[in-house]
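Subject: Structure for your files

Hello,

Here is the structure I said I would pass on. My notes on what turned up in it follow below.

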Amino acid sequence: MSLVLILIAVSRWKLIRKDKAAAVLVIGSLLIIGLTFWSNAMLPLKLYPVIVNIGMLLLFGLSLFFPPSFVERIARIKEPDLSEAGIRYTRRVTQVWCIFFILNGAAAFITACFMSHEIWSIYNGLIAYILIGLLFGIEYLFRQRFRRIEKERNGQ
């Protein structure tokens with residue numbers, strides 16, 4: 001299994017030249033997978049979701065210091081002329097995702113180090129994805145409300 005995961009991580013190698021957060025994710029993944037292969041232990045492999053959360057935190061978090069924010073970049077694909085209020089909103093959403101990645105990464109770490117394999121599997125294979133879906137859904141509802149309020153303010 002480790003060899004397959006190493007091949008998958010190496011296939012992502014092109015991303016390193018374009019994105020420092022992706023570089024951290026790929027290199028961290030290779031280290032964890034290599035350690036798993038070398039030690040024949042599950043713990044390094046169980047830490048993979050922690051590395052993913054760290055990589056996503058870096059991707060989103062660094063964009064707060066080097067604008068535009070990650071969510072703003074995504075929003076501008078559909079709406080190139082984003083308003084100032086929209087920029088502030090996307091920045092706030094990026095901050096919310098950063099908090100999510102911190103909490104989710106901490107939960108992934110706790111389940112990997114201190115919980116049974118079953119609990120780790122349930123959290124990282126099911127609950128974490130449900131939480132991501134909930135965050136997407138809640139943000140979508142807030143975005144619809146935000147757009148409606150912004151249209152009312154602009155008299156549209």
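**Salt bridges**

Arg143 and Glu139 both belong to helix H8, where they sit 4 residues apart, about one turn of the helix. Their side chains meet in a salt bridge, with N to O at 2.7 Å. Please keep in mind that this is a predicted model. Arg143 is partly exposed because its relative accessible area is 26%, and Glu139 counts as buried because its value is 13%, under the 20% cut-off.

The count of salt bridges comes to 3. Another of them joins Arg76 to Glu72, and here the closest N and O atoms are 2.8 Å apart. Both residues are in helix H6 and 4 residues apart, so about one helical turn separates Arg76 from Glu72. As a general point, an α-helix has 3.6 residues a turn, so residues three or four places apart point the same way. Arg76 has a relative accessible area of 29% and is therefore partly exposed. Glu72, at 9% relative accessibility, counts as buried.

Glu79 and Arg147 also form a salt bridge through their side chains, at 3.6 Å from N to O. Glu79 is in the loop between H6 and H7 while Arg147 is in helix H8, so this pair ties together parts that are 68 residues apart in sequence. Glu79 is partly exposed, with a relative accessible area of 34%. Arg147 is partly exposed as well, at 31%.

**The surface of H8**

Helix H8 covers residues 117-153, and Ile130 lies in it. Ile130 is part of a nonpolar patch on the surface, which also takes in Ile122, Leu126, Ile127, Leu131, Leu134, Ile138 and Phe142. Together these residues have about 710 Å² of accessible area. Ile130 itself has 45% relative accessibility and so counts as partly exposed. Residues need over 30% to be placed in a patch, so Ile130 qualifies on that score.

**H5 and the loop after it**

Helix H5 runs over residues 48-65, and Pro49 has its place there. The helix has 18 residues and reaches 26 Å from its first C-alpha to its last, close to the 26 Å expected at 1.5 Å a residue. Which residues of H5 are buried? They are Pro49, Val50, Ile51, Asn53, Gly55, Leu59, Phe60, Gly61, Ser63 and Leu64.

Pro49 counts as buried because its relative accessibility is 16%. Leaving aside neighbours within four places in sequence, Pro49 is in contact with Ala108, Trp120 and Asn124. The C-alpha atoms of Pro49 and Ala107 are 9.7 Å apart, although their positions lie 58 residues apart along the chain.

Pro68 is located in the loop between H5 and helix H6 (70-78). The peptide bond leading from Pro67 to Pro68 is cis, with omega near 5°. That bond is worth a look when you open the model.

**Two threonines in H7**

Thr90 is in helix H7, which spans residues 84-114, and Thr94 is found in H7 too. Thr90 is buried, with a relative accessible area of 4%. Thr94 counts as buried at 0% relative accessibility.

What does the side chain of Thr90 reach? The answer is the backbone oxygen of Ile87, at 2.9 Å. The backbone oxygen of Thr90, in turn, lies 2.9 Å from a polar atom of the Thr94 side chain.

Not counting residues up to four places away in sequence, Thr90 touches Ser69, Val71, Glu72, Ala75 and Leu82. Glu72 in that list is the residue that pairs with Arg76 in a salt bridge. With sequence neighbours within four places left aside, Thr94 is in contact with Phe60, Ser63, Leu64, Ser69, Phe70 and Val71. Among these, Phe60, Ser63 and Leu64 are buried residues of H5.

That is what I have for now.

Regards

Conventions:
Residues numbered from 1 in each chain as written. Predicted model: local features only at pLDDT ≥ 70, side-chain atom pairs only at ≥ 80, totals over all residues. Heavy atoms only, no water. Patch = residues over 30% accessible without salt bridge, like charges linked within 9 Å, V, L, I, M, F, W, Y side chains within 5 Å. Areas by Shrake-Rupley, 256 points an atom, 1.4 Å probe, with all protein chains shown as cover. Salt bridge = Lys/Arg side-chain N within 4 Å of Asp/Glu carboxyl O. Buried < 20%, exposed > 50% of the residue type's maximum accessible area, 1.4 Å probe, protein only. Contact = heavy atoms within 4.5 Å. Expected span 1.5 Å × (residues − 1). Polar contact = N/O pair within 3.5 Å; in protein donor to acceptor, adjacent residues only side chain to side chain.
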